[in-house]
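Colleague: I should like to learn how to read aromatic pairs and the burial of their rings. Could we begin with the terms and then turn to the case at hand?

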Amino acid sequence: MNPSISRSLDAVAALIMVALTLSWGLNQVSIKLALPEIPPFVQAAIRSVGAFFIIALWARYRGVSLSPRDGTFAGGLLAGALFGLEFLLIFPALQFTAASRATLFIYTAPFFVALGSGVLLGEKLRAVQWLGLACSFAGLVVAFGVPDAARDGRQLIGDIMMVGAGACWGATTLVIKASRLRSAPAEKVLAWQLAVSIPMLAAGALAMGERMGTPSAFSLGWLAYQTFWVVSLTYAVWFAMVQRYSASRLSAFTFLTPLFGVASGHFVLGEPISWAFAIAVALVVGGLVLVNRPG
């Protein structure tokens with residue numbers, strides 16, 4: 001077995017994951033702030049195009065070949081399709097179901113990774129680690145509330161689409177670990193996903209009839225944050241981490257993202273934070289300690 005498949009996270013890796021999830025939490029706010037002037041699929045397509053060119057230039061500077069002749073074609077195509085499908089499911093789903101429900105359902109992704117890792121990678125979690133995943137998920141339930149029963153078919157469709165998005169997110173991680181992408185440069189792993197997802201997101205924008213006028217510098221600034229920092233840098237770092245460390249232990253850290261999103265909404269948008277937020281943080285952090293507890 002490749003030792004990177006089940007490698008535990010050290011202190012540096014844990015700090016990097018906290019920084020990544022903090023960036024992704026703020027990214028949710030950046031998308032919301034840019035939405036009045038830049039529609040969602042247009043945002044996703046533009047940032048992917050911009051990030052692809054940045055990654056291509058960086059790869060050229062470092063002498064990293066983006067040629068598919070190294071055996072990464074199949075894995076890259078599949079990972080890119082899953083990456084694009086994830087966003088194609090998320091944005092329409094938000095029109096059918098509430099944001100709080102959507103947040104809970106998409107963060108089923110770590111469970112898909114844990115299940116898939118046992119089947120595909122031989123990376124089986126112990127009982128205490130499953131308890132840690134459940135504890136972290138319970139923290140999200142405390143933070144966002146238990147979803148009410150679906151009132152109509154549209155809400156149920158939205159919920160199913162968000163679970164599907166979570167499954168795509170988890171499957172993307174598994175494809176990277178189980179394919180030739182595992183040993184490819186992180187720039188190439190990200191370039192594959194961006195290249196394949198760009199036409200998918202553009203088609204989504206056309207299908208939804210999205211149009212964009214002339215956005216303000218404010219909206220462009222937040223779009224630049226998404227393009228240069230989130231997609232170009234943090235995603236590349238994430239995929240490098242996926243190649244080196246245990247997939248299930250890394251995925252557990254993503255439970256921090258919505259909590260950082262709530263905190264960012266409070267400090268940037270002035271949205272209120274309830275007393276339950278502190279309990280939620282304690283549950284998520286406690287769950288991470290259990291998941292990453294040495295065997």
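Modeller: Buried means under 20% relative accessible area, exposed means over 50%, and partly exposed lies in between. Please note that this is a predicted model.

Colleague: How many aromatic pairs are there?

Modeller: Two rings pair if their centres lie within 6.5 Å, and planes over 60 degrees apart count as edge-to-face. By this rule there are 14 aromatic pairs. In one of them, Phe 73 and Trp 192 meet edge-to-face, with 5.7 Å centre to centre and 75° between the planes.

Colleague: Which parts does this pair tie together?

Modeller: Phe 73 belongs to helix α3 (residues 73-93) and Trp 192 to helix α8 (residues 186-207), so the pair joins parts that are 119 residues apart in sequence.

Colleague: Is Phe 73 buried, exposed or partly exposed?

Modeller: Phe 73 has a relative accessible area of 45%, which lies between the 20% and 50% cut-offs, so Phe 73 is partly exposed. Trp 192, at 13% relative accessibility, counts as buried.

Colleague: What is the geometry of the aromatic pair of Phe 83 and Tyr 235?

Modeller: Phe 83 and Tyr 235 are also edge-to-face, with 6.1 Å centre to centre and 90° between the planes. This pair links distant parts of the chain, with Phe 83 in helix α3 and Tyr 235 in helix α9 (residues 217-244), 152 residues apart. Phe 83 has a relative accessible area of 6% and is buried; Tyr 235, at 12%, is buried as well.

Colleague: Which residues form one aromatic cluster?

Modeller: One cluster is made up of Trp 24, Phe 83, Phe 87, Tyr 235 and Trp 238.

How values were computed:
Residues are numbered from 1 along each chain as its sequence is written. This is a predicted model: local features need pLDDT of at least 70, side-chain atom pairs count only at pLDDT 80 or more; totals for chains, interfaces and linings use all residues. Side-chain values use heavy atoms; hydrogens and water are left out. Rings of Phe, Tyr and Trp (its six-membered ring) pair if their centres lie within 6.5 Å; planes under 30 degrees apart count as stacked, over 60 as edge-to-face and the rest as tilted. Helices (H or I, at least four residues) and strands (E, at least two) are DSSP runs, numbered from the N terminus. Buried means under 20% relative accessible area, exposed over 50%, partly exposed in between (1.4 Å probe, protein chains only).
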